[in-house]
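This report describes one protein chain, beginning with the whole fold and then turning to individual helices, ion pairs and side chains. The sequence and the structure are shown below.

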Amino acid sequence: MDKLAHSLPKGTGTAVAVSRHPLHPALVTFPIAFIIGALPSDLAYLWFGDEFWARASLWLLGVGTLMGGVAGAAGTVELLAVQGIRHRAAAWSHFVMAVMLLSVAFINWQSRLHDAQEAILPMGLYLSALGAVLVAAAGWLGGKLVFEDQVGVHDEEP
(Lines give C-alpha, C1' and ligand atoms only; values in the text may rest on other atoms or scores of the structure.)
Protein backbone atom coordinates (compact mmCIF):
# COMPACT_ATOMS: atom_id res chain seq x y z
CA MET A 1 0.00 0.00 0.00
CA ASP A 2 2.91 2.31 0.71
CA LYS A 3 3.99 1.85 -2.89
CA LEU A 4 0.77 3.49 -4.12
CA ALA A 5 1.37 6.62 -2.05
CA HIS A 6 4.35 7.67 -4.16
CA SER A 7 3.71 9.46 -7.43
CA LEU A 8 5.28 8.07 -10.56
CA PRO A 9 8.06 10.04 -12.21
CA LYS A 10 7.27 11.93 -15.38
CA GLY A 11 8.88 10.89 -18.61
CA THR A 12 8.58 7.22 -19.45
CA GLY A 13 10.31 5.91 -22.54
CA THR A 14 8.95 3.79 -25.33
CA ALA A 15 9.63 0.21 -26.39
CA VAL A 16 7.90 0.20 -29.79
CA ALA A 17 9.50 2.98 -31.84
CA VAL A 18 11.18 3.86 -35.10
CA SER A 19 14.11 6.25 -34.65
CA ARG A 20 12.89 6.93 -31.10
CA HIS A 21 9.44 7.96 -32.35
CA PRO A 22 6.71 5.89 -30.64
CA LEU A 23 4.64 3.89 -33.14
CA HIS A 24 1.36 3.73 -31.25
CA PRO A 25 0.56 7.47 -31.47
CA ALA A 26 1.49 7.45 -35.16
CA LEU A 27 -0.71 4.44 -35.93
CA VAL A 28 -3.88 5.64 -34.17
CA THR A 29 -4.53 8.63 -36.43
CA PHE A 30 -6.30 6.72 -39.20
CA PRO A 31 -8.48 4.51 -36.98
CA ILE A 32 -9.56 7.61 -35.08
CA ALA A 33 -10.52 9.42 -38.29
CA PHE A 34 -12.21 6.41 -39.88
CA ILE A 35 -14.25 5.31 -36.88
CA ILE A 36 -15.38 8.86 -36.14
CA GLY A 37 -16.08 9.35 -39.87
CA ALA A 38 -18.66 6.55 -39.83
CA LEU A 39 -21.08 8.72 -37.83
CA PRO A 40 -21.28 11.63 -40.32
CA SER A 41 -21.33 9.09 -43.13
CA ASP A 42 -24.36 7.38 -41.54
CA LEU A 43 -26.04 10.75 -41.08
CA ALA A 44 -25.33 11.64 -44.72
CA TYR A 45 -27.00 8.38 -45.79
CA LEU A 46 -30.06 9.25 -43.70
CA TRP A 47 -30.16 12.79 -45.08
CA PHE A 48 -29.51 12.07 -48.76
CA GLY A 49 -30.61 8.45 -49.07
CA ASP A 50 -27.63 7.75 -51.35
CA GLU A 51 -26.27 4.19 -51.17
CA PHE A 52 -22.73 5.58 -51.46
CA TRP A 53 -22.82 6.81 -47.85
CA ALA A 54 -23.87 3.40 -46.52
CA ARG A 55 -20.96 1.78 -48.40
CA ALA A 56 -18.63 4.51 -47.18
CA SER A 57 -19.59 3.75 -43.57
CA LEU A 58 -18.98 0.06 -44.17
CA TRP A 59 -15.48 0.72 -45.51
CA LEU A 60 -14.66 3.32 -42.85
CA LEU A 61 -15.60 0.89 -40.10
CA GLY A 62 -13.82 -2.07 -41.66
CA VAL A 63 -10.54 -0.30 -42.34
CA GLY A 64 -10.76 1.63 -39.07
CA THR A 65 -11.19 -1.60 -37.13
CA LEU A 66 -8.34 -3.32 -38.97
CA MET A 67 -5.94 -0.40 -38.50
CA GLY A 68 -7.14 0.02 -34.92
CA GLY A 69 -6.13 -3.58 -34.30
CA VAL A 70 -2.63 -2.84 -35.58
CA ALA A 71 -2.40 0.29 -33.43
CA GLY A 72 -3.81 -1.64 -30.50
CA ALA A 73 -1.17 -4.34 -30.88
CA ALA A 74 1.58 -1.71 -30.74
CA GLY A 75 -0.08 -0.10 -27.71
CA THR A 76 -0.47 -3.44 -25.95
CA VAL A 77 3.19 -4.30 -26.43
CA GLU A 78 4.05 -0.84 -25.09
CA LEU A 79 1.79 -1.31 -22.07
CA LEU A 80 3.17 -4.71 -21.19
CA ALA A 81 6.85 -4.04 -21.98
CA VAL A 82 7.41 -0.71 -20.23
CA GLN A 83 7.12 -0.79 -16.45
CA GLY A 84 6.55 2.97 -16.16
CA ILE A 85 3.50 2.69 -18.41
CA ARG A 86 2.21 -0.49 -16.77
CA HIS A 87 2.05 1.22 -13.38
CA ARG A 88 -0.25 4.03 -14.53
CA ALA A 89 -3.99 3.76 -14.00
CA ALA A 90 -4.62 5.97 -17.03
CA ALA A 91 -2.74 3.47 -19.21
CA TRP A 92 -4.97 0.59 -18.15
CA SER A 93 -8.09 2.76 -18.50
CA HIS A 94 -6.94 3.75 -22.00
CA PHE A 95 -6.36 0.08 -22.84
CA VAL A 96 -9.82 -1.00 -21.64
CA MET A 97 -11.50 1.90 -23.45
CA ALA A 98 -9.65 1.05 -26.68
CA VAL A 99 -10.67 -2.62 -26.46
CA MET A 100 -14.29 -1.55 -25.97
CA LEU A 101 -13.96 0.83 -28.93
CA LEU A 102 -12.55 -1.83 -31.25
CA SER A 103 -15.25 -4.27 -30.14
CA VAL A 104 -18.02 -1.78 -30.91
CA ALA A 105 -16.43 -0.85 -34.26
CA PHE A 106 -16.05 -4.52 -35.23
CA ILE A 107 -19.67 -5.35 -34.34
CA ASN A 108 -20.83 -2.25 -36.22
CA TRP A 109 -18.81 -3.26 -39.30
CA GLN A 110 -19.80 -6.92 -39.13
CA SER A 111 -23.51 -6.08 -38.85
CA ARG A 112 -23.30 -4.15 -42.13
CA LEU A 113 -21.62 -6.81 -44.24
CA HIS A 114 -24.87 -8.39 -45.44
CA ASP A 115 -26.78 -5.16 -46.16
CA ALA A 116 -25.01 -1.87 -45.44
CA GLN A 117 -28.12 0.26 -45.95
CA GLU A 118 -30.49 -1.81 -43.85
CA ALA A 119 -28.07 -1.97 -40.92
CA ILE A 120 -27.85 1.79 -40.40
CA LEU A 121 -31.18 2.28 -38.64
CA PRO A 122 -31.36 2.08 -35.71
CA MET A 123 -28.47 -0.03 -34.43
CA GLY A 124 -25.77 1.10 -36.90
CA LEU A 125 -26.35 4.76 -36.09
CA TYR A 126 -26.32 4.00 -32.36
CA LEU A 127 -23.08 2.01 -32.63
CA SER A 128 -21.45 4.74 -34.75
CA ALA A 129 -22.35 7.35 -32.12
CA LEU A 130 -21.09 5.07 -29.33
CA GLY A 131 -17.87 4.52 -31.30
CA ALA A 132 -17.33 8.27 -31.61
CA VAL A 133 -17.83 8.71 -27.85
CA LEU A 134 -15.41 5.86 -27.10
CA VAL A 135 -12.82 7.36 -29.49
CA ALA A 136 -13.10 10.66 -27.60
CA ALA A 137 -12.74 8.96 -24.20
CA ALA A 138 -9.81 6.74 -25.26
CA GLY A 139 -8.16 9.72 -26.97
CA TRP A 140 -8.53 11.86 -23.87
CA LEU A 141 -6.89 9.16 -21.74
CA GLY A 142 -4.11 8.71 -24.32
CA GLY A 143 -3.56 12.46 -24.38
CA LYS A 144 -3.34 12.48 -20.59
CA LEU A 145 -0.61 9.86 -20.77
CA VAL A 146 1.41 11.83 -23.31
CA PHE A 147 0.88 15.42 -22.22
CA GLU A 148 0.59 15.07 -18.44
CA ASP A 149 2.62 11.94 -17.69
CA GLN A 150 5.11 12.38 -20.57
CA VAL A 151 4.73 8.74 -21.67
CA GLY A 152 6.66 8.04 -24.85
CA VAL A 153 8.34 11.45 -24.75
CA HIS A 154 12.13 11.54 -24.84
CA ASP A 155 14.68 14.25 -24.31
CA GLU A 156 15.98 15.91 -27.45
CA GLU A 157 19.48 14.64 -26.82
CA PRO A 158 20.40 11.58 -28.93
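Of the contacts with a separation of 6 or more, 75% join residues that are 24 or more positions apart in this protein. The model is predicted, and the values below should be read in that light. The protein holds 7 helices and 2 strands, and from the N terminus on the elements follow the order α-β-β-α-α-α-α-α-α. Among its 158 residues, 35% count as buried. The accessible surface amounts to about 9,500 Å², and carbon and sulfur atoms supply 70% of that area.

**Helix H3**

Helix H3 covers residues 29–48, a run of 20 residues. At 1.5 Å a residue the helix should span 28 Å, and the end C-alpha atoms are indeed 28 Å apart, so the expected and modelled spans agree. The helix nevertheless carries a kink of about 25 degrees at alanine 38, shortly before proline 40. Just after H3, glycine 49 adopts a positive phi of about 75 degrees.

Which residues of H3 are buried? They are Pro31, Ile35, Gly37, Ala38, Ser41, Asp42, Ala44 and Tyr45. Alanine 38, where the kink lies, is thus itself among the buried residues. The partners of this buried set are four helices: H2 (23–27), H4 (51–81), H6 (89–112) and H7 (120–148).

An α-helix has 3.6 residues a turn, so residues three or four places apart point the same way. In H3, the buried residues include Ser41 and Ala44, and also Ala38 and Asp42.

**Salt bridges**

Side chains of opposite charge can pair when their charged atoms come close. The count of salt bridges in the model comes to 4. The table lists three pairs, with the N to O distance for each.

| Acidic residue | Basic residue | N to O distance |
|---|---|---|
| Aspartate 42 | Arginine 112 | 2.7 Å |
| Glutamate 51 | Arginine 55 | 3.4 Å |
| Glutamate 148 | Lysine 144 | 3.2 Å |

Aspartate 42 and arginine 112 meet through their side chains at 2.7 Å. Because aspartate 42 belongs to helix H3 and arginine 112 to helix H6, this pair ties together parts that are 70 residues apart in sequence. Are these two residues buried or exposed? Aspartate 42 has a relative accessible area of 0% and is therefore buried. Arginine 112 also counts as buried, at 0% relative accessibility.

The pair of glutamate 51 and arginine 55 lies within helix H4, where the two residues are 4 residues apart, about one turn of the helix. Glutamate 51 counts as partly exposed at 41% relative accessibility, and arginine 55 is partly exposed with a relative accessible area of 39%.

A like arrangement is found in helix H7, where glutamate 148 and lysine 144 are 4 residues apart and hence separated by about one helical turn. Glutamate 148 is partly exposed, with a relative accessible area of 41%. Lysine 144 is partly exposed as well, at 25%.

**Leucine 46 and the nonpolar patch**

Leucine 46 is located in helix H3. With a relative accessible area of 35%, leucine 46 is partly exposed. What does leucine 46 contact, leaving aside its neighbours within four places in sequence? The contacts are with Ile120, Leu121 and Leu125. Leucine 46 and isoleucine 120 are 74 residues apart in sequence, yet their C-alpha atoms are 8.4 Å apart in space.

Leu121, one of these contacts, also joins Leu43 and Leu46 in a nonpolar patch on the surface. Together the three residues of the patch present about 260 Å² of accessible area.

**Glycine 68**

Glycine 68 is part of helix H4. Its relative accessible area is 7%; as this is under the 20% cut-off, glycine 68 is buried. Leaving aside neighbours within four places in sequence, glycine 68 is in contact with Pro31 and Leu102. Pro31 belongs to the buried residues of H3, and the buried residues of H3 pack against H4 among other helices. The C-alpha atoms of glycine 68 and alanine 105 are separated by 9.4 Å, although the two residues are 37 residues apart along the chain.

How values were computed. Residues numbered from 1 in each chain as written. Predicted model: local features only at pLDDT ≥ 70, side-chain atom pairs only at ≥ 80, totals over all residues. Heavy atoms only, no water. Expected span 1.5 Å × (residues − 1). Bend = angle between axes of the 7 residues up to and from the residue. Buried < 20%, exposed > 50% of the residue type's maximum accessible area, 1.4 Å probe, protein only. Contact = heavy atoms within 4.5 Å. Patch = residues over 30% accessible without salt bridge, like charges linked within 9 Å, V, L, I, M, F, W, Y side chains within 5 Å. Areas by Shrake-Rupley, 256 points an atom, 1.4 Å probe, with all protein chains shown as cover.
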